[in-house]
Amino acid sequence: MRLARRTHIGVCALLVFPTFFVDARPASTAPTQTSQANPFRIGRPLVIPHAGGDGFYPENTMTAWVRSMSEGGDVVDIDVSMSADGVLVAIHDSTVDRTTNGTGLVADKTYAALAKLDAGFRFERNGTFPFRGKKVRIPTLQSILRRFPRSLTTLDLKDQRPALAPPLCRLLVSLHRTSNVYVGSDSNDQVLAFRKHCPEIHTSGTSDERKAIRAAREAGDTTFATKQLVSQPPYLADDGSKRVTATTLTFSHSLNIAVLTWVVDDPADIADLIDLGVDGIYTRRPDLMIKALKAKGFK
């Protein structure tokens, strides 16, 4: 489960089949298995530009996704909140202060007000602000999903109000994005609220459900069954130990669970995770992951 942007990135994913698959993989690595029953396992690690690749571009903006996906990203990773007038928008924080030239709560502003803000204003690169005044805006979730209709997409529900669940369900149904969708949140209540409205769509597990999976793994219970399709553990635990290991991957894959880990930018760690056979990596530096995949013989 992913925690926030710098320290907490919520669990949430909506995934649709990717536009291309890898047809070659080197014998020196331990690639993931392609699974027709789980679209999140495509046969090699998914490149997931974190919030659009926020090491290079303003996070949660159309500019970021268009560029990162054209450069080789596999997944459109979106943080989702809701405006005062019920519009689902892409933004991480509860306020607009950190990422725009505005101030105040997202939930207190209409989308018309949010759309006027400069979402590239705060992005800094090498002491400069290359996206200020470039008409980079806070996009609606609908506009993103329409722009990338066939791309794998992870949705991270930052707004944990129950009122978000019904419009999200309606949007996904209207866009025919239900059969390969995975939605989640850090909030058990939000997960349960969404399941109530869209029971046909896969969601992240609740805390109790995740505990049950861990207990089954520790007990070596080969009869354990789960409907969960995705696990999103951090690469490292609070004590610095590795959360993603050969043991955890083997058990997850025996249940056909895709393991997507976050947020990894170190080239050595990325290479290790590729060799281990992880299903996907959230990274602020997708260029480094793409380079590592090519070096290991992946297309």
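**Close-up 1. Cys-198 and its disulfide partner in this predicted model.** At 0% relative accessibility, Cys-198 falls below the 20% cut-off and therefore counts as buried, and the model it belongs to is a predicted one. Its partner, Cys-169, is buried as well, with a relative accessible area of 8%. The two are joined by a disulfide, with an S to S distance of 1.7 Å. Viewed about the S-S bond, the link of Cys-169 and Cys-198 is right-handed, at 85°. It ties together distant parts of the chain: Cys-169 sits in helix α4 (residues 165-174), while Cys-198 belongs to the loop between α5 and β6 (202-203), 29 residues apart. If you are setting up bonds, note that the structure holds one disulfide.

**Close-up 2. Ser-185 in its loop.** Here we visit the loop between β5 (182-183) and α5 (188-197), where Ser-185 lies. Is Ser-185 buried or exposed? Its relative accessibility is 1%, so Ser-185 counts as buried. A polar atom of the Ser-185 side chain lies 3.0 Å from the backbone nitrogen of Ser-187.

**Close-up 3. Helix α6, end to end.** Helix α6 covers residues 207-219, 13 residues in total. At 1.5 Å a residue, these should span 18 Å, and the end C-alpha atoms are indeed 18 Å apart, so expectation and model agree. Just after the helix comes Gly-220, whose phi is positive, near 65°.

**Close-up 4. The two sides of α6.** Which residues of α6 are buried? They are Arg-210, Ile-213 and Ala-216. These residues cover an arc of only 120° around the axis, which means that they lie on the same side of α6. The spacing is a familiar one: an α-helix has 3.6 residues a turn, so residues three or four places apart point the same way. The buried residues of α6 pack against α7 (246-254). On the face turned away from the buried side, you will find the exposed residues Asp-208, Lys-211, Glu-218 and Ala-219.

**Close-up 5. Residues 3-29, a stretch to view with care.** Over residues 3-29, pLDDT stays under 50. The model nevertheless has 114 contacts for this stretch beyond four places in sequence. Please keep in mind that where pLDDT is low, the predicted coordinates should not be read in detail. For the protein as a whole, the mean pLDDT is 87, and 87% of the residues reach 70 or more.

Note on methods:
Residues are numbered from 1 along each chain as its sequence is written. This is a predicted model: local features need pLDDT of at least 70, side-chain atom pairs count only at pLDDT 80 or more; totals for chains, interfaces and linings use all residues. Side-chain values use heavy atoms; hydrogens and water are left out. Helices (H or I, at least four residues) and strands (E, at least two) are DSSP runs, numbered from the N terminus. The expected span of a helix is 1.5 Å times one less than its number of residues. Buried means under 20% relative accessible area, exposed over 50%, partly exposed in between (1.4 Å probe, protein chains only). The arc is that of the directions from the helix axis to the C-beta atoms. Contact means heavy atoms within 4.5 Å. A polar contact is a pair of N or O atoms within 3.5 Å; within protein, one must be able to donate a hydrogen and the other to accept it, and residues adjacent in sequence count only if both atoms are side-chain atoms. A disulfide is a pair of cysteine sulfur atoms within 2.5 Å. pLDDT is the predictor's confidence in each residue, from 0 to 100.
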